There are 2 protein chains.
Amino acid sequence: MNKLYVIGIGPGGQEYMTFEAMQALKDSDLIVGYGVYTDLVKPLFPEKKYLTTPMKQEIERCRMAVDAAAEGRTVAMISSGDAGVYGMAGPILELAEGKDVEVKVVAGVTAALSGGAVLGAPLTHDFAVISLSDLLTPWEKIEKRLDAAASADFCIAIYNPSSHKRADYLQKACDILLQHKGPDTVCGTVRNIGREGESFTVLTLQELRNTQVDMFTTVFIGNSQTKAAGGRMVTPRGYKHD
Amino acid sequence: MNKLYVIGIGPGGQEYMTFEAMQALKDSDLIVGYGVYTDLVKPLFPEKKYLTTPMKQEIERCRMAVDAAAEGRTVAMISSGDAGVYGMAGPILELAEGKDVEVKVVAGVTAALSGGAVLGAPLTHDFAVISLSDLLTPWEKIEKRLDAAASADFCIAIYNPSSHKRADYLQKACDILLQHKGPDTVCGTVRNIGREGESFTVLTLQELRNTQVDMFTTVFIGNSQTKAAGGRMVTPRGYKHD
């Protein structure tokens, strides 16, 4: 059957890719993705065919990938991070339903993990991943999730904390979190994970509230046990004695 | 400075490891871990030194790794999945504080992602990761998190859903989730992710409640939008129209 790989390539450079992802790229004739990601892969496989569409045309891109696979090509649809987390595996599976295409999802390291590794160990205990983008989700739903996650002392990884149109969203989110979490809760930000200029900060929730981050940043909120250790952000494995 | 890598090797076979993890193993003189994981790595690096301790002696294992690094060896501490998620990066960073050891955390593909890829795309939208193990966490805290995550319509990945002593924990958890999520909520289980005998099931929350799973299983709970598509579990990217 015709094969369509949906591949998460991790945060950036080849070193963060799995061997499975690399093998799937090797197996493919056609590599589809947003230009920023296909540009990362091109130097490794200059002989392959590439298909890109502008940002925000994700569904059109998925449709092209499914159609190309249905026509008999072995296709790789690539995205950063993991293929599933806010990714294209979902739309691809829906579009491929009923077609002669076998979809193989290849997992990758999402920003909660790659950014977590940079910060230290912010997500050692139960955690929630929440995107602040209200493009496809009503803001009230996002607020409800922030409130619920904070009320139950989850560690939280925040994706898409900011954009030009949403400069104050992280501040709004922190105000919700501050209703349940103390102002001294240990938090962290990581910018340009796995790319040139990677940097991180460990700071309190109150400080985070008054910090402006950009769209290349992932934000981490600790639970009540999270501490700063040696300049890193560390959440203990439990609530009882180790 | 002496180097201590804390490496997540993913769900099992070498193909799920990142190139960064492989390079860190190559750089190391001594590889420390639970025997099941060092056995996976030994065939790749038969010439390295290995140090294992029985299960449940994790902190002792971390201490040995930190001490060996402080004595001048380049050490790799390995665990399955990601190094941070319920992993050893946290204890290692705490134990290494104030010592002449540079800790480098190498992220890996945790079961939420590797299992998600097997099922399809269960975690396309905001999600929570919750462990049902009450070894280090009071059960009331776990109940509260299940309740909070379900009330805010999170997708949920459940780790450690069962053990010999906790045969009814998943059932208890489902009963909490059923207070907020419909009995027809699409769920999934994946067993032996990335290992021989890998298998998955897509089922309803009500069916999951009456299913016995084992400790080699990761459980996925959909949000209100999650559906079954082509036998896979698929959560849409949002609540508005794509």
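Let's start where the two chains touch: in this predicted model, chain A and chain B each bring 69 residues to the contact. How much area is buried between them? About 6,000 Å² is buried between chain B and chain A, and 62% of that comes from carbon and sulfur atoms. On the chain B side, the residues that lose the most area to chain A are Phe19(B), Arg145(B) and Arg237(B). Together, these three account for 14% of what that side buries.

Now for the polar part of the story. Between chain B and chain A, 36 residue pairs are in polar contact, counting pairs with both residues at pLDDT 80 or more. If you're hunting for salt bridges, there are ten across this interface. One to look up in the structure joins the side chains of Lys227(A) and Glu94(B), with 2.9 Å from N to O.

Which helix of chain B gives the largest share of the side that touches chain A? That's helix α6, residues 139-151, which supplies six residues. As for the mix of residue classes, the side of chain B that touches chain A has 34 nonpolar residues, along with 18 polar and 17 charged ones.

Finally, have a look at the strands, where the two chains also pair up. Strand β7 of chain A (residues 127-131) runs antiparallel to strand β7 of chain B (residues 127-131), and the two pair over three bridges. To find your place in this pairing, pick out Val129(A): opposite this residue stands Phe127(B), in β7(B).

Definitions and conventions
Residues numbered from 1 in each chain as written. Chains lettered and ligands numbered in written order. Predicted model: local features only at pLDDT ≥ 70, side-chain atom pairs only at ≥ 80, totals over all residues. Heavy atoms only, no water. Contact = heavy atoms within 4.5 Å. Buried area = accessible area lost by both parts, 1.4 Å probe. Salt bridge = Lys/Arg side-chain N within 4 Å of Asp/Glu carboxyl O. Polar contact = N/O pair within 3.5 Å; in protein donor to acceptor, adjacent residues only side chain to side chain. Helix = DSSP H or I, 4+ residues; strand = E, 2+ residues; numbered from the N terminus. Nonpolar A, V, L, I, M, F, W, Y, C, P; charged D, E, K, R; others polar. Pairing = 2+ DSSP bridges.
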